[in-house]
Amino acid sequence: MEQYTVTGMSCAACQARVEKAVGKVKGVEAVSVSLLTNSMGVEGTADSSEIIKAVENAGYGAVPKKKGGSSGAGKGAGSKGTGAGASDSYSEQEASLRDTETPKLRKRLILSVAFLVVLMYVTMGHNMLGWPLPAYFEHNHTGLTLLQLLLSAAVMIINGKFYTSGFKSLFHGAPNMDTLVALGSSVSFGWSTFIFFKMCGMITEGTPNSGLMDIYHGELYFEAAAMIPALITVGKLLESLSKGRTTDALKSLLRLAPKTALLVEDGKEREVGIEQVGVGDIFAVRPGGSVPVDGIVIEGVSAVDESALTGESVPVDKAAGDRVSAATINKSGYLKCRATRVGEDTTLAQIIQMVSDAAATKAPIARIADRISGVFVPVVIGIAILVALIWLIAGKGMSFALARAISVLVISCPCALGLATPVAIMVGNGVGAKNGILFKTSEALENTGKVKIVALDKTGTITTGEPTVTGVYPAEGVSREELVSKAYLLEKKSEHPLAGAIVKYAESKIGKEEALCAGEADTAGGICESGEKTGLREEITDFTALPGNGLSGRLAGEVLCGGSEKYISGIVTLPESMKESSRQLSGEGKTPLFFAQGGKLLGMIAVADTVKEDSAEAIRQLKNMGIRVVMITGDNERTAAAIGRSAGVDEWVSGVLPEGKEAVIRGLKEYGRVAMVGDGINDAPALKRADIGIAIGAGTDVAIDSADIVLMNSRLTDVTAAVRLGRKTLKNIYENLFWAFFYNVICIPLAAGVTPWKMNPMIGAAAMSISSFTVCMNALRLNLVRIYDASHDRRSVSKDLPERLIASGVEKETENEERNKKMTKTVKITGMMCEHCEATVKKALEALDFVAEAKPSHKDNNAVLTLCAEYDEAAVKKAVEDRDYTFEGTED
């Protein structure tokens, strides 16, 4: 999307005019203009000069927004990418958001009031309340009228922008709000000037000067001619102040951008501008300092405050090998890092761009107001003329008829219609960004509030995505501590993810030092519950990893081995109770690992991908909001059922391939708006197919193309927060639109004089000035929304949803088979023993050109391949065996 800064817009009619003009340019596929930020986003192949020309022909101005330079991928050819482009981009964005209009409006208002006070003293104070005037004006009514003319002319000149913009737009055939103000004020001034010249003509004919006011009492509207632009300026000032606050979130993000960095060269620190930092440079961050660019820690340990980017208030521990992001704060230790992403590639830059792009897009609901705004001003002008004619036909004088027409002109406010949606969207986007919830478009924010069904991927969304120990089952005569400590000694030699889970568990439960066992105990020892060191002196020797089976080694002269049930049952005899427990655990989606030493069974440790702590609560909150929650997984039905019941989802779909997820989402969309929550990588087709694609746990990788919403944290409660924010924003938009429509529907008839009370044009101008301010202030209330507070959730019951959305039992399995049958091959593979073996095989197979998707199963000893070209069995065999697994052939 190419972005432009548009000048000269004053209301929604201007916005509609610019969109219409640019939309006609050849090569423009989509255009969205924001009155709030005075920006325009254009998609397509049209040349920027043609776009600018179209805007200028419509009576406005446009300037392309600068783009920061790319950071480059690394060093090469004696050059490196730097952050200069982003630094310039930050500066330009800050300048574009800087409130330059408010000081101008304040100055105009002060000057206007200075003249207006004198004018109102003369017209109201003297004529109505009898306040004294200099003797020269006491009976010199032409002189007094001339003074009113000059004072009102001065106020009109001070607020000349209304007239130049209004009449310019009128001559271009696109009248706007300024046109209404200019016409109302000019007609008042023109009519009053006409009366003044009539008064002068009567004096030449001999009419006494002192009697003129008796003749023309109530015919002069100089005070209205001046008061109208002055009051509109008051409204514009209030609107400008409140509009400025709606972009506070984006401004605060821009202010986070560091200006300098401490480069480390030849062991010495040197402070440089942020634009001089390139990929691969080494930089230091002192305690209390801000990380200048994205990088990887190469030295030091510290806690880093990432709340500015993720909304997470608890500092995150960082050590060598961990990633750090620009604009995060180093709270304690000294860090030395290597720059990996600079300029526009940093996480901060991508977040700023995402928020900015969202502001430049248009929510669907805004298009209703835009269509009305496009014809609103011409219709109002027509109504004003019609009102004047009707009153003249009814026998009223020209002065009365003009007063009614002027009131209609100045009280009508298309500006409130134009601001109703964008101000709420901007504030809502800002609230989300502050909490690590990034909406890519305005449509995403609006549609999130309308979601009826939320589909959740299992791995990494409901579950942690990392294996953890869920149970320890020692054999008879073996202590829990002995089993864990010996498993630790064996598994710490392996790099397998399941081994890592056991190592992590042992170190967290009994401590690394105790697990290493530095004491003098015998080989059967372990860790006492008291914490006394009674473990093993010796290390594992003759360590061997047996792919697809397990591990083996020697401890104190005896063979210690661990692995699958099949592997260990060939070494020792497993009791039936242990086998039954193994089958039960497997049915729950867990991986049982057995351990034996010297021909004696030590026991079993269950490892699984566990449900996140907040998943059940998040799902409960979604259900409490009346949203149907569906889990989609590639696991078998028993595993899916166990996880689904544990998490509390309404329904689940099992045995689904990645492309099958997209088909499930397509089916769910028949029942209403669907949000799909996944990791944004292997769930890309489903995320794209859903009405709202939500990528969870993006961390520093916020540029996920397939997602409409990016959640920087892995909390599922952020999904409920996003829905809650979407609903609150949508409600705020409805309130704003109601006010804007209600205001115009009620006030235009009042101004036309259909009620006994006849509105003065000045009151109409005051009402108009308040309307836009009210809309902006209402939008700012979104800053007070507590998006993680579920106490005020309202259940939105969808009566059109059936009791179940997904078929169950045999029907479900049949559907899955039909969905996955097309263009698939099943190959037999042995040697896989866990989900992480499956991941290795999956990666190897999907690297083949003719394999679109691969779904290995260590339980079924096979892999289902979705093909995108002719099947090559030899290539599959080689890919499998290169990873140390056994290819057993292709099933018919």
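Leaving aside its neighbours within four places in sequence, which residues is histidine 858 in contact with?

## Histidine 858 and its surroundings

In this predicted model, histidine 858 is in contact with Met832, Met833, Cys834, Glu835 and Glu838, once its neighbours within four places in sequence are set aside. With one of these residues, glutamate 838, the contact is polar, and it joins the two side chains at 2.7 Å.

Histidine 858 sits in a loop, with strand E30 (851–857) on one side of that loop and strand E31 (862–867) on the other. Its relative accessibility is 14%, and because buried means under 20%, histidine 858 counts as buried.

## The protein as a whole

The protein has 892 residues, of which 54% are buried, and its secondary structure comprises 32 helices and 32 strands. Among the contacts with a separation of 6 or more, 70% are between residues that lie 24 or more positions apart. The accessible surface of the protein comes to about 38100 Å², and carbon and sulfur atoms account for 55% of that area.

## A nonpolar patch on the surface

On the surface, Ile385, Leu389, Leu392, Ile393 and Met398 make a nonpolar patch of about 480 Å². Helix H14, which covers residues 364–393, gives the most to this patch, contributing four residues.

Leucine 392, one of the residues that make the patch, lies in helix H14. Its relative accessibility is 31%, and since partly exposed covers the range between under 20% and over 50%, leucine 392 counts as partly exposed.

## Phenylalanine 543 in strand E19

Phenylalanine 543 belongs to strand E19, which runs over residues 541–546, and at 28% relative accessibility phenylalanine 543 counts as partly exposed. Not counting residues up to four places away in sequence, phenylalanine 543 touches Leu490, Lys493, Ser494, Leu551, Ser552 and Gly553.

One of these residues, leucine 490, is 53 residues away from phenylalanine 543 in sequence, while the C-alpha atoms of the two residues are 8.1 Å apart in space.

## Confidence in the model

How confident is the predictor, and what does the protein average in pLDDT? The average pLDDT is 80, and 82% of the residues score at least 70.

Some stretches score under 50, including residues 518–536, for which the model nevertheless has 41 contacts beyond four places in sequence. In residues 808–814 the pLDDT also stays under 50, and for this stretch the model has six contacts beyond four places in sequence.

Notes
Residues numbered from 1 in each chain as written. Heavy atoms only, no water. Helix = DSSP H or I, 4+ residues; strand = E, 2+ residues; numbered from the N terminus. Buried < 20%, exposed > 50% of the residue type's maximum accessible area, 1.4 Å probe, protein only. Polar contact = N/O pair within 3.5 Å; in protein donor to acceptor, adjacent residues only side chain to side chain. Contact = heavy atoms within 4.5 Å. Patch = residues over 30% accessible without salt bridge, like charges linked within 9 Å, V, L, I, M, F, W, Y side chains within 5 Å. Areas by Shrake-Rupley, 256 points an atom, 1.4 Å probe, with all protein chains shown as cover. Salt bridge = Lys/Arg side-chain N within 4 Å of Asp/Glu carboxyl O. pLDDT = per-residue confidence, 0-100.
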